[in-house]
Amino acid sequence: MIISVASGKGGTGKTLVATSLALSLQDNHDVQLLDCDVEEPNDHIFIKPVITRSEAVAVPVPAVDEKKCTHCGKCAEVCAYNALAVVKDYVLTFPELCHGCGACSYLCPEGAITEAPYNVGVVETGRAGNLTFGHGKLNIGQAMAPPVIRRVKALTDPSKLVIIDASPGTSCPVVEAVKGSDYCLLVTEPTPFGLNDLTLAVEMIRKLAIPCGVVLNRAGVGDGKTEEYCLREGIPILMTIPLDTAIAGLYSRGITLSEGMPAYRVAFRELYARIEEAARA
Amino acid sequence: MREIVVLSGKGGTGKTTIVGSLAALAESKVLADCDVDAADLHLLLAPKIKEEHDFRSGRAAVIDADKCTQCGLCQEVCRFDAIHDYVADPVACEGCGFCAQVCPEGAITMQERLAGRWFISETKYGPLVHARLGIAEENSGKLVALVRRQAREMAERDGYDYIISDGPPGIGCPVISSLSGAHLALLVTEPTLSGRHDLERVLGVCRHFGVTAAVAINKYDINEANTAAIEDYCRRNDVAVVARIPFDNVVTEALVAGQPVVEYDDGAVTGEIKKLWDIITRLAAG
C-alpha cells in the first residue's frame, strides 16, 4: 500500500501528518517513509534518521565532441528546451535547462554528442528505529525537481507500507510525487486559503484517479466552509487535529505528534484503518 | 521602479498575508501573484478581472492510431515513461518531442497545450496580474515569467514605483523564475526547525542569483529560542531581519473576513508589518 500526503497550500501540516503516521505505524507494520518534497525536505528533522547511503542525482546532458561536430544545427533544432545553441563554429550547452530526454545525442547525424551526468540533487537513505527512510534534496540554484523526485520514488518497496510526503502546490512536482499511490491524504486547514488550495488539490487528485480523504488540521480556526465543501464533494474527513499551541510548540522543536503526544498514536492508527477501508472501497 | 518578491522556502509561513497587507500599505504599485499553482492573493484583494488570456506553453505527444504500426520505438526512446500501449499520457509527457522525431511512420505530432490562464485585474489597492496554471500542468516557471513581464510592462508604462509579488514556496523552477532580477527578496519564515532549515535553502538561492534578501520572522513568539537562532544566523550572514511579527488569531480572522490584516486591525501585527514596509522600501532602493 502506498499512501501519499499532499495539500495544495503549504504549511498545513503534511510533514507533521506523514511523520506522525509513519512513527505510529512502525511497531505493527514494515513502514517506508519517502520525503518527496525535494525542494524543502523536512521529514528528516522529525525522524532523525541515520543516513547510510547518499547518491548524487544526475540528469544526462549533452557533451559535444567539437572534432566530430559539423555545426549542422540538428541538435538545437530538436531540443524542446533550448538547452543547446549552435553559434557559428561552436555549440553552447545549457545543462540547467536540459531535461535529459536524449533526443540530441540520438539524432546527431555525426554521432558527435554523448551524454554526461549533470548533478541536480542527492538522494539519501537510511533508517530510524523500525522505519526505512529516504529523501531527496534538490541542489541550490537548480530548477528541476522531478528528476530528484523520480529517484526517491524509485526507492519504493512494494512489500512495505509506503508513506510519501509531497511538496505543496498542484503542478509537476506534486504530480510526480503522488502518482502511483493507492490513496492520497490531503492535509488542509479550515481557512479560505486552505479551502481554495484544497479544491485545486482535489481536482489534481481526481485527474490522476487516486482516491483521497482529508485531514483537517488546526480545526477551530477559520470558518466551517471546508467541512461544507468536503460534505458536498463526498470527500471523507478522516482525521481532525485541533488548533493547539502545544502542538505548534512541539512542531517548532521538530517533535512529531506520536512522540510528543503519544495519545495521538491511537488516532493515527485509526486514521490508517480508515484509509485501508477507503482504499478497498 | 523597484521589484520586491516575497518568498519563504517553507509553505504556509505567511507570504500571502504579508503581501495582502503590503498591497494596502504601498501607494504606487502593481501586484503580481507568482504562486501560479496555488494562488491565494485574490482572496484578499477581490479583483475585478479586466483582461483574461490563454497561456499556451509546452507541447504534448499525440499518437495517431491509424498511422501507428506499433513498432514500439517511441516507447523505447521515451525517458519519461509517458507512452504505454502506443498511447501517450499527457500528464507524464514532458514535451521533448523525441518520439515524434524518431517515429518512422510520422504518426506522432506534438500539440501545443493550453497550460493555464492569466489575468489583469483591478483591485481597490491597484492593478493585479495573476494566473492559474492548469491542473497537473508543467511550465509553471514560464507562466511566472509571463506574469512578471506583464507586471513590469504595466509598471513602466504607467509609472508605478513598485512591483510587489507573492512568490511560490520551495526553491525550484517557479521560485527561480519569480526571483531572478528582482531588487529585493523578502523571505518570510517562522521559528520552527523546518522554517529555519527551509530559510537557509532559499537564502542560498537568493545568493546564487545575486538578489538581496531580507527576513521577516512570523509568529516569532511561538518559539523564541528558534527566533533568536534565526536572528543569529541572519546576522552572521549579513541578512537584515526586518520584522518580528507576533502570533495572533486576528490574522486568521482578517483572512476569513477577506481583508488584509492591516485594514482589519490596528494591533501589534499591523504595527510590525507597517514597520517592515518602511524598512524594505529603503532596502529595495539600495
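Colleague: What distance separates the centres of domain 1 of chain B and domain 2 of chain B?

Modeller: This is a predicted model. Over C-alpha atoms, the two centres in chain B are 40 Å apart.

Colleague: Which residues make up each domain of chain B?

Modeller: Domain 1 takes in 2–46 + 124–285, and domain 2 covers 57–114. Contacts link the two: 5 residues of domain 1 of chain B touch 5 residues of domain 2 of chain B. On the domain 1 side, there are 1 nonpolar, 2 polar and 2 charged residues.

Colleague: How is chain A divided into domains?

Modeller: Domain 1 of chain A is 2–57 + 120–280, and domain 2 is 66–111. Their centres, again over C-alpha atoms, lie 40 Å apart.

Colleague: Now the two chains. How many residues of chain B are in contact with chain A?

Modeller: 51 residues of chain B meet 51 residues of chain A. Several helices of chain B supply at least two residues each to that side, including helix 4 (98–102), helix 5 (140–158) and helix 6 (173–179). Helix 7 (193–208) and helix 9 (250–256) of chain B do so too. The largest share, 8 residues, comes from helix 7 of chain B.

Colleague: What is the side of chain B that touches chain A made of, by class?

Modeller: The side has 20 nonpolar, 21 polar and 10 charged residues.

Colleague: Next, the core. Which residues touch the most other members of the largest nonpolar core?

Modeller: The general idea comes first. In soluble globular proteins, nonpolar side chains tend to be buried together. Here, the largest nonpolar core has 187 residues, and Val147(B) and Val215(B) touch the most other members. Helix 7 (residues 192–207) of chain A gives this core its largest share, 8 residues.

Colleague: What is Val147(B) in contact with, beyond its neighbours within four places in sequence?

Modeller: Val147(B) contacts Ala32(B), Cys34(B), Val36(B), Trp118(B), Val129(B), His130(B) and Ala131(B).

Colleague: Last, a single helix. Why is helix 5 of chain A largely enclosed by the rest of the structure?

Modeller: Count the buried residues. A residue is buried if 20 or more other C-beta atoms lie within 10 Å of its own. In helix 5 (residues 146–153) of chain A, 7 of the 8 residues are buried, so the helix is largely enclosed. Those buried are Pro146(A), Pro147(A), Val148(A), Ile149(A), Arg151(A), Val152(A) and Lys153(A).

Colleague: What covers the buried residues of helix 5 of chain A?

Modeller: The cover includes strand 2 (31–35), strand 3 (50–64), strand 6 (113–128) and strand 7 (131–138) of chain A. Helix 6 (172–178) of chain A is also part of the cover.

Methods: Residues are numbered from 1 along each chain as its sequence is written. Chains are lettered from A and ligands numbered from 1 in the order in which they are written. This is a predicted model: local features need pLDDT of at least 70, side-chain atom pairs count only at pLDDT 80 or more; totals for chains, interfaces and linings use all residues. A nonpolar core is a set of buried Ala, Val, Leu, Ile, Met, Phe, Trp, Tyr and Cys residues joined through C-beta atoms within 7 Å. A residue is buried if 20 or more other C-beta atoms lie within 10 Å of its own, exposed if 12 or fewer, and partly exposed in between; C-beta atoms are placed from the backbone. Helices (H or I, at least four residues) and strands (E, at least two) are DSSP runs, numbered from the N terminus. Two residues are in contact if their C-beta atoms, placed from the backbone, lie within 7 Å. Ala, Val, Leu, Ile, Met, Phe, Trp, Tyr, Cys and Pro count as nonpolar, Asp, Glu, Lys and Arg as charged, and the others, Gly among them, as polar. Domain bounds come from an automatic or database domain assignment.
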